[in-house]
Amino acid sequence: MDLDSLRINGARLQHTLEEMAKIGATPAGGVQRLACSDEDKRARDLLVSWLREIDCEVTIDTMGNIFGRYAGTDPSLPPVMSGSHVDSQPKGGRFDGILGVMGPLEVLRTLHENGVRPKRSVVLVDWTNEEGSRFAPAMVASGVWAGKLDLQWAYDRTDIHGKKQGDELERIGYKGSAPCEAFPVHAYYELHIEQGPMLEAKGMIIGAPKGVLCLHWYDIHLEGTANQVGPTPMEGRNDALVAAAEMIIKVDQLPAAMGGNMVATVGEIHNYPNSRNIIPDGVHFTIDIRSWDDDHALAAFDKLRPQMLEIAQRHGTPIRIEETWKVVKAPFDQDLFERVYATGVKLGYPTMKWVSGAGHDASYMNQVMPSAMIFVPSIGGRSHVEVEETRWEDCEAGANVLLHCLLENANEI
Ligand SMILES: [Zn+2]
């Protein structure tokens with residue numbers, strides 16, 4: 001058949017996404033499917049049943065990653081692969097992650113019903129716990145698969161109730177037996193919602209990111225002196241929260257001070273004992289710095305560090321700085337990135353090139369195999385919230401770009 005005219009079934013993709021969104025559905029229209037929860041299990045079970053319907057061979061590895069292999073005509077060739085994650089944030093949206101799993105599923109259904117067998121096999125993957133909101137850090141299972149994180153360490157991550165990730169994986173029946181380690185893959189694509197406002201603002205439908213920004217996480221701990229607020233004069237206080245407030249302003253000012261190409265955010269703060277009539281004696285907050293330039297991000301923290309030390313000293317609040325996590329900038333494979341862009345244009349969708357601010361499983365894949373991503377617009381740029389929304393026709397467009405990118409790679413030697 002004429003492969004150029006092949007298109008996925010947009011209505012079926014919509015229906016599939018709507019079926020999935022019923023699992024862990026929240027009253028305000030989002031989903032809550034935390035990693036290794038009962039909802040995660042139900043979503044996995046449904047995915048596996050759908051894969052088996054179209055004669056895919058399903059494999060589960062020791063980290064719970066699910067692989068569905070649609071056999072090509074030459075099994076000796078490394079496959080092409082595409083996937084993302086079915087887990088969500090607490091009160092998350094209906095598109096983040098799951099579009100990147102239902103998209104390739106729709107691609108495989110399209111190939112199956114048209115009897116198209118490319119030379120290389122096409123593998124769909126669902127990566128366990130991309131979000132990192134129940135068990136930190138994020139993207140943990142793709143990290144183990146890529147050989148960048150240790151399996152036992154990943155098993156030992158605990159949630160706020162002290163439950164271990166490895167035990168929870170076992171409980172839901174998804175601690176598989178296949179080794180969690182990279183196998184040769186010819187090309188990897190991840191379809192994802194943008195989670196930002198750029199595509200919509202520019203009237204674009206397909207985004208071809210040249211790579212993912214570097215990501216640096218820090219944890220700041222401040223120690224103050226608790227006391228009754230009434231009798232304690234303002235002079236000589238060691239108020240950890242006031243010190244933190246000054247530091248947060250410095251973080252917000254950092255990108256402008258460094259000359260842009262960067263975002264810096266304090267998104268999480270804990271104040272102790274958190275009582276209105278006690279001077280705070282402990283504060284813990286996080287800093288997230290992202291840039292297209294790793295050295296620029298490091299230089300930014302080098303600039304911030306002495307400012308924080310000075311503030312801590314002035315308030316008499318000893319400071320401890322933890323460097324929690326660093327992911328280097330990841331330029332995607334040049335050929336695949338160009339293919340995404342060219343395919344978007346060829347199919348008639350407004351398409352643009354740019355960079356991605358969010359981390360994705362593709363960041364780890366990109367370290368071990370040729371990888372690229374395909375982005376579609378987020379309405380209002382909103383994500384990780386229940387009102388997260390993407391137009392159905394844009395989901396369809398993204399899946400069509402994925403179809404043709406995968407087909408081209410799957411048919412090349
Ligand atoms: Zn995601």
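Biologist: Which residue follows helix α2, and what is special about the sign of its phi?

Modeller: In this predicted model, the residue to look at after α2 is Asp55. Its phi lies near 60°, and the sign of that angle is positive.

Biologist: How far does α2 reach from its first C-alpha to its last?

Modeller: Helix α2 covers residues 38–53, which makes 16 residues. At 1.5 Å a residue one would expect 22 Å, and the span computed from the model is close to that, at 23 Å.

Biologist: Where on α2 do the buried residues lie, seen down its axis?

Modeller: The buried residues of this helix include Glu39, Ala43, Leu47 and Trp50. Seen down the axis of α2, its buried residues fall within an arc of 135°, so the place they line is one face of the helix.

Biologist: Which exposed residues does the face turned away from that buried side carry?

Modeller: The buried side of α2 packs against several elements, among them α1 (10–21), β1 (57–60) and α3 (99–113). On the face turned away from it, the exposed residues are Ser49, Arg52 and Glu53.

Biologist: Which residues are the partners of Tyr218 in β10 and in β11?

Modeller: Strand β7, residues 214–223, runs antiparallel to β10, residues 282–291, and 10 bridges join the two. Strand β7 is also joined by 8 bridges to β11, residues 319–327, again in an antiparallel arrangement. Tyr218 therefore has a partner to name in each strand: in β10 the bridge partner is Ile287, and in β11 the residue standing opposite is Glu323.

Conventions: Residues are numbered from 1 along each chain as its sequence is written. This is a predicted model: local features need pLDDT of at least 70, side-chain atom pairs count only at pLDDT 80 or more; totals for chains, interfaces and linings use all residues. Helices (H or I, at least four residues) and strands (E, at least two) are DSSP runs, numbered from the N terminus. The expected span of a helix is 1.5 Å times one less than its number of residues. A residue is buried if 20 or more other C-beta atoms lie within 10 Å of its own, exposed if 12 or fewer, and partly exposed in between; C-beta atoms are placed from the backbone. The arc is that of the directions from the helix axis to the C-beta atoms. Two residues are in contact if their C-beta atoms, placed from the backbone, lie within 7 Å. Two strands pair if DSSP finds at least two bridges between them.
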